[in-house]
Amino acid sequence: MLKIGRKNYEALREHGEETYLHECCGVLLGQMDGEVRSVSWVARCGNTRIDSPQNRYHIDPRELIRIQREGRERGEDIIGFYHSHPDHPARWSPTDLAEAHWIGCSYVITSVEKGKAATTNSFELTGGDENDKKFVDEKIEVV
Ligand SMILES: [Zn+2]
(Lines give C-alpha, C1' and ligand atoms only; values in the text may rest on other atoms or scores of the structure.)
Protein backbone atom coordinates (compact mmCIF):
# COMPACT_ATOMS: atom_id res chain seq x y z
CA MET A 1 0.00 0.00 0.00
CA LEU A 2 1.09 3.54 -0.77
CA LYS A 3 0.18 6.19 1.78
CA ILE A 4 0.38 9.75 0.55
CA GLY A 5 -0.78 13.09 1.90
CA ARG A 6 -3.41 15.03 -0.04
CA LYS A 7 -0.98 17.85 -0.90
CA ASN A 8 1.69 15.53 -2.29
CA TYR A 9 -0.95 13.55 -4.17
CA GLU A 10 -2.32 16.68 -5.81
CA ALA A 11 1.23 17.88 -6.55
CA LEU A 12 2.14 14.80 -8.57
CA ARG A 13 -1.17 14.93 -10.45
CA GLU A 14 -0.76 18.64 -11.22
CA HIS A 15 2.74 17.97 -12.51
CA GLY A 16 1.21 15.81 -15.24
CA GLU A 17 -1.19 18.60 -16.18
CA GLU A 18 1.66 21.12 -16.40
CA THR A 19 3.79 19.00 -18.74
CA TYR A 20 0.86 17.79 -20.91
CA LEU A 21 1.25 16.70 -23.87
CA HIS A 22 4.53 15.38 -22.53
CA GLU A 23 4.98 12.87 -19.75
CA CYS A 24 6.06 14.22 -16.39
CA CYS A 25 8.20 12.21 -14.01
CA GLY A 26 9.48 12.35 -10.49
CA VAL A 27 10.56 10.52 -7.38
CA LEU A 28 8.66 9.65 -4.19
CA LEU A 29 10.62 9.82 -0.96
CA GLY A 30 9.61 8.59 2.45
CA GLN A 31 9.60 5.52 4.64
CA MET A 32 9.08 1.84 3.97
CA ASP A 33 7.41 -0.03 6.79
CA GLY A 34 6.77 -3.60 5.76
CA GLU A 35 4.08 -3.50 3.09
CA VAL A 36 3.33 0.18 3.61
CA ARG A 37 5.25 2.89 1.82
CA SER A 38 4.57 6.37 3.23
CA VAL A 39 5.37 9.33 1.01
CA SER A 40 6.72 12.41 2.75
CA TRP A 41 8.32 14.20 -0.20
CA VAL A 42 7.56 14.45 -3.93
CA ALA A 43 10.59 15.42 -6.03
CA ARG A 44 9.87 16.64 -9.53
CA CYS A 45 12.30 15.63 -12.24
CA GLY A 46 12.84 16.81 -15.75
CA ASN A 47 11.91 14.30 -18.45
CA THR A 48 15.15 13.80 -20.35
CA ARG A 49 13.54 11.78 -23.15
CA ILE A 50 13.70 14.41 -25.88
CA ASP A 51 13.17 11.84 -28.65
CA SER A 52 9.70 10.78 -27.50
CA PRO A 53 8.59 12.75 -24.41
CA GLN A 54 4.87 12.25 -25.16
CA ASN A 55 5.03 8.53 -24.37
CA ARG A 56 8.37 7.93 -22.66
CA TYR A 57 10.13 9.25 -19.63
CA HIS A 58 13.62 9.09 -18.28
CA ILE A 59 15.17 10.56 -15.17
CA ASP A 60 18.76 11.73 -15.40
CA PRO A 61 20.78 9.40 -13.09
CA ARG A 62 22.69 12.41 -11.74
CA GLU A 63 19.40 14.06 -10.75
CA LEU A 64 18.32 10.80 -9.10
CA ILE A 65 21.55 10.62 -7.07
CA ARG A 66 21.11 14.22 -5.94
CA ILE A 67 17.50 13.55 -4.87
CA GLN A 68 18.59 10.40 -3.03
CA ARG A 69 21.33 12.28 -1.19
CA GLU A 70 19.04 15.16 -0.22
CA GLY A 71 16.45 12.65 0.95
CA ARG A 72 18.93 10.85 3.18
CA GLU A 73 19.77 14.16 4.84
CA ARG A 74 16.09 14.34 5.84
CA GLY A 75 16.02 10.66 6.82
CA GLU A 76 14.02 9.65 3.72
CA ASP A 77 14.55 6.88 1.21
CA ILE A 78 13.43 6.55 -2.39
CA ILE A 79 10.21 4.53 -2.17
CA GLY A 80 8.77 5.09 -5.60
CA PHE A 81 8.53 6.90 -8.88
CA TYR A 82 5.72 8.60 -10.74
CA HIS A 83 4.95 9.60 -14.28
CA SER A 84 1.99 10.58 -16.40
CA HIS A 85 0.27 9.12 -19.44
CA PRO A 86 -1.04 11.94 -21.64
CA ASP A 87 -4.31 10.74 -23.23
CA HIS A 88 -3.58 7.13 -22.29
CA PRO A 89 -4.94 4.98 -19.45
CA ALA A 90 -3.22 4.86 -16.06
CA ARG A 91 -1.90 1.35 -16.72
CA TRP A 92 1.73 0.35 -17.04
CA SER A 93 3.12 -0.39 -20.48
CA PRO A 94 5.64 -3.10 -21.41
CA THR A 95 8.20 -0.29 -21.73
CA ASP A 96 7.37 0.90 -18.21
CA LEU A 97 8.09 -2.58 -16.89
CA ALA A 98 11.27 -3.00 -18.93
CA GLU A 99 12.60 0.33 -17.66
CA ALA A 100 11.63 -0.19 -14.01
CA HIS A 101 14.53 -1.47 -11.92
CA TRP A 102 13.75 -0.61 -8.31
CA ILE A 103 12.23 -3.79 -6.94
CA GLY A 104 10.10 -3.10 -3.85
CA CYS A 105 9.28 0.43 -5.01
CA SER A 106 5.94 1.91 -6.08
CA TYR A 107 5.37 3.11 -9.63
CA VAL A 108 2.56 5.64 -9.79
CA ILE A 109 0.91 6.49 -13.10
CA THR A 110 -1.59 9.30 -13.69
CA SER A 111 -3.63 9.47 -16.86
CA VAL A 112 -4.01 13.04 -18.11
CA GLU A 113 -6.99 13.44 -20.40
CA LYS A 114 -7.08 16.59 -22.53
CA GLY A 115 -4.82 18.30 -20.01
CA LYS A 116 -6.73 17.28 -16.86
CA ALA A 117 -5.42 14.66 -14.43
CA ALA A 118 -7.88 11.75 -14.42
CA THR A 119 -7.02 8.42 -12.81
CA THR A 120 -3.98 7.77 -10.62
CA ASN A 121 -2.91 4.16 -10.05
CA SER A 122 0.04 2.62 -8.26
CA PHE A 123 1.91 -0.58 -9.02
CA GLU A 124 4.50 -2.24 -6.86
CA LEU A 125 7.50 -3.69 -8.67
CA THR A 126 7.95 -7.17 -7.20
CA GLY A 127 10.13 -10.18 -7.91
CA GLY A 128 13.53 -11.53 -7.10
CA ASP A 129 15.51 -9.89 -9.88
CA GLU A 130 15.36 -8.36 -13.37
CA ASN A 131 14.27 -11.66 -14.94
CA ASP A 132 11.15 -12.30 -12.91
CA LYS A 133 10.14 -8.77 -11.97
CA LYS A 134 6.50 -7.80 -12.38
CA PHE A 135 4.05 -5.05 -11.50
CA VAL A 136 1.35 -5.77 -8.93
CA ASP A 137 -1.66 -3.46 -8.44
CA GLU A 138 -1.25 -1.47 -5.26
CA LYS A 139 -3.78 0.51 -3.22
CA ILE A 140 -3.20 4.24 -2.79
CA GLU A 141 -4.40 5.71 0.46
CA VAL A 142 -4.63 9.49 0.37
CA VAL A 143 -4.39 10.77 3.93
ZN1 LIG B 1 4.33 4.87 -18.70
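So, the lining of the largest pocket: eight of its residues are nonpolar, two are polar and one is charged. Keep in mind that this is a predicted model. Who are these residues? The lining is made up of Tyr57, His58, Ile59, Pro61, Leu64, Phe81, Glu99, Ala100, His101, Trp102 and Tyr107. And how much space lies in there? About 250 Å³.

Okay, on to the second largest pocket, with a volume of about 160 Å³. Here the lining has two nonpolar residues, six polar ones and four charged ones. If you want to find them on the screen, look for Glu23, Gln54, Asn55, Arg56, Tyr57, His85, Pro86, His88, Ser93, Thr95, Asp96 and Glu99. Two elements give two or more residues each to that lining, namely strand 4, residues 77-86, and helix 3, residues 94-98. Tyr57 and Glu99 turn up in the lining of the largest pocket and again in the lining of the second largest one.

Now the helices. Helix 1 runs over residues 6-19, and at 1.5 Å a residue its 14 residues should span 20 Å; the C-alpha atoms at its ends are 20 Å apart, so that agrees. Which residues of helix 1 are buried? Those would be Tyr9, Leu12, Arg13, His15 and Gly16. They cover an arc of only 140° around the axis, and that puts them on the same side of helix 1. Turn to the face away from that buried side and you meet Lys7 and Glu18, which are exposed.

Helix 2 gets the same treatment. Its 13 residues, 61-73, should span 18 Å at 1.5 Å a residue, and with the end C-alpha atoms 19 Å apart, that agrees. The buried residues in helix 2 are Glu63, Leu64, Ile67 and Gly71. Looking down the axis, you'd see them fall within an arc of 100°, so they line one face of the helix. What covers them? The cover includes strand 2 (25-33), strand 3 (36-45) and strand 4. On the face turned away from the buried side, helix 2 carries Arg62, Ile65, Arg69, Arg72 and Glu73, and those are exposed. One more link here: Leu64, buried in helix 2, is also one of the residues lining the largest pocket.

Last stop, a few single residues. Leu97 sits in helix 3. Is Leu97 buried or exposed? Its relative accessibility is 17%, so it counts as buried, the cut-off being under 20%. Leaving out residues up to four places away in sequence, Leu97 touches Trp92, Leu125, Lys133, Lys134 and Phe135. Compare that with Ile50, which is 47 residues from Leu97 along the chain, with 20 Å between their C-alpha atoms.

Then there's Trp92, in the loop between strand 4 and helix 3. Trp92 is partly exposed, at a relative accessible area of 31%. Again not counting residues up to four places away, it touches Leu97, Ile109, Phe123 and Phe135. Gly75 is 17 residues from Trp92 along the chain, and their C-alpha atoms are separated by 30 Å.

And finally Thr126, which you'll find in strand 6, residues 116-126. Thr126 has a relative accessible area of 19%, and it is buried. Beyond residues up to four places away in sequence, Thr126 touches Ile103, Asp132, Lys133, Lys134 and Val136. Two of those, Lys133 and Lys134, are also touched by Leu97.

Methods
Residues numbered from 1 in each chain as written. Predicted model: local features only at pLDDT ≥ 70, side-chain atom pairs only at ≥ 80, totals over all residues. Heavy atoms only, no water. Helix = DSSP H or I, 4+ residues; strand = E, 2+ residues; numbered from the N terminus. Expected span 1.5 Å × (residues − 1). Buried < 20%, exposed > 50% of the residue type's maximum accessible area, 1.4 Å probe, protein only. Arc of directions from axis to C-beta. 1 Å grid on protein atoms, 1.4 Å probe; cavity = no way out; pocket = protein on both sides within 12 Å on 5 of 7 lines; lining within 4 Å. Points joined across faces, edges and corners; volume = space filled by probe spheres on them. Nonpolar A, V, L, I, M, F, W, Y, C, P; charged D, E, K, R; others polar. Contact = heavy atoms within 4.5 Å.
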